[in-house]
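Colleague: I have a few questions about this model before I go back to the bench. Could you take them one by one?

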Amino acid sequence: MITIAQLTRLPKKFSRYYDRQFLPLLERTGLSMREIHVLLFLANHPGQDTARDVAEFRGLAKSQVSQAVDVLTGSGFIVRQADGDDRRIIHLSITEQGRPVAQKAQAIQAACGRRLLECLNKEEQTVFLNLLERVLREAEAV
């Protein structure tokens with residue numbers, strides 16, 4: 001029987017594992033994990049390209065996203081563009097300079113999932129991911 005302690009340990013353990021995988025990229029680029037999260041969000045969610053989108057979907061404070069956007073803009077990895085219809089809305093996009101960093105981050109992200117699931121066969125992976133999705137939906141519903 002799974003215990004509450006096991007459920008609460010899982011996100012912490014995964015987060016530590018996940019963040020460790022990015023250490024070489026962080027050292028090479030001088031970016032923080034928060035900045036990588038913003039870059040990954042923009043790369044993985046085309047069309048959801050405002051700081052508000054990042055804050056809502058990643059669960060980060062607006063101030064944290066704003067600071068990360070400032071660093072990424074200053075590094076030349078993203079640019080801000082005012083919306084054509086509503087100039088209060090600022091769209092964010094990855095630059096040519098930022099694209100290789102985003103692609104490397106995406107590769108690390110994909111490898112993290114593969115490494116964790118490689119202890120399961122294909123059928124077990126499918127069952128696990130389906131069950132995990134059901135549990136996450138239930139957690140959001142309550």
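Colleague: Which residues make the nonpolar surface patch of about 320 Å²?

Modeller: Keep in mind that this is a predicted model. One member of the patch is Phe128, which lies in helix α7, residues 122–141. The full set is Phe128, Leu129, Leu132 and Leu136.

Colleague: Is Phe128 buried, partly exposed or exposed?

Modeller: Buried means under 20% relative accessible area, and exposed means over 50%. Phe128 has 38% relative accessibility, so Phe128 counts as partly exposed.

Colleague: And Val65, buried or exposed?

Modeller: Val65 is found in helix α5, residues 62–74. The limit for buried is under 20% relative accessible area. Val65 has 0% relative accessibility, so the label is buried.

Colleague: What separates the C-alpha atoms of Val65 and Val101?

Modeller: Along the chain, Val65 and Val101 are 36 residues apart. In space, their C-alpha atoms are separated by 18 Å.

Colleague: How confident is the predictor in the chain, by mean pLDDT?

Modeller: Of the residues in the chain, 99% reach 70 or more. Among the elements, α1 has the lowest mean, 89. Helix α2, residues 23–29, has the highest, 97. The mean pLDDT of the chain is 93.

Colleague: Where in α1 does the kink lie?

Modeller: Start with the helix itself. Helix α1 covers residues 4–21 and has 18 residues. From first C-alpha to last, α1 reaches 27 Å, close to the 26 Å expected. The kink is about 25 degrees and comes shortly before the proline Pro11, at Leu10.

Colleague: How many salt bridges does a search of the whole structure find?

Modeller: Side chains of opposite charge can pair when their charged atoms come close. One of the pairs here is Asp86 with Arg88, whose closest N and O atoms are 2.9 Å apart. Arg88 is exposed, with a relative accessible area of 72%. The search of the whole structure finds five.

Colleague: Why are Arg52 and Glu56 separated by about one helical turn?

Modeller: An α-helix has 3.6 residues a turn, so residues three or four places apart point the same way. Arg52 and Glu56 both sit in helix α4, residues 51–58. They are separated by about one turn because they are four residues apart.

Colleague: How far apart are the closest N and O atoms of Arg52 and Glu56?

Modeller: Arg52 is exposed, and so is Glu56. A salt bridge needs the nitrogen within 4 Å of the carboxyl oxygen. Arg52 and Glu56 form one, with their closest N and O atoms apart by 3.0 Å.

Colleague: Which parts of the chain does the salt bridge between Asp70 and Arg80 link?

Modeller: The side chains of Asp70 and Arg80 meet at 2.4 Å, N to O. The two residues are ten residues apart, and the pair links distant parts of the chain. Asp70 is in helix α5, and Arg80 is in strand β1, residues 78–82.

Colleague: What is the relative accessible area of Arg80?

Modeller: Its partner Asp70 counts as partly exposed, at 43% relative accessibility. Arg80 is partly exposed too, with a relative accessible area of 40%.

Colleague: Last one. What pattern does the chain follow along the sequence?

Modeller: The chain has seven helices and two strands. Its C-alpha atoms fill a box of roughly 55 × 35 × 25 Å along the principal axes. Buried residues make up 27% of the 142 residues. Read along the sequence, the pattern is α-α-α-α-α-β-β-α-α.

How values were computed
Residues numbered from 1 in each chain as written. Predicted model: local features only at pLDDT ≥ 70, side-chain atom pairs only at ≥ 80, totals over all residues. Heavy atoms only, no water. Expected span 1.5 Å × (residues − 1). Bend = angle between axes of the 7 residues up to and from the residue. pLDDT = per-residue confidence, 0-100. Patch = residues over 30% accessible without salt bridge, like charges linked within 9 Å, V, L, I, M, F, W, Y side chains within 5 Å. Areas by Shrake-Rupley, 256 points an atom, 1.4 Å probe, with all protein chains shown as cover. Buried < 20%, exposed > 50% of the residue type's maximum accessible area, 1.4 Å probe, protein only.
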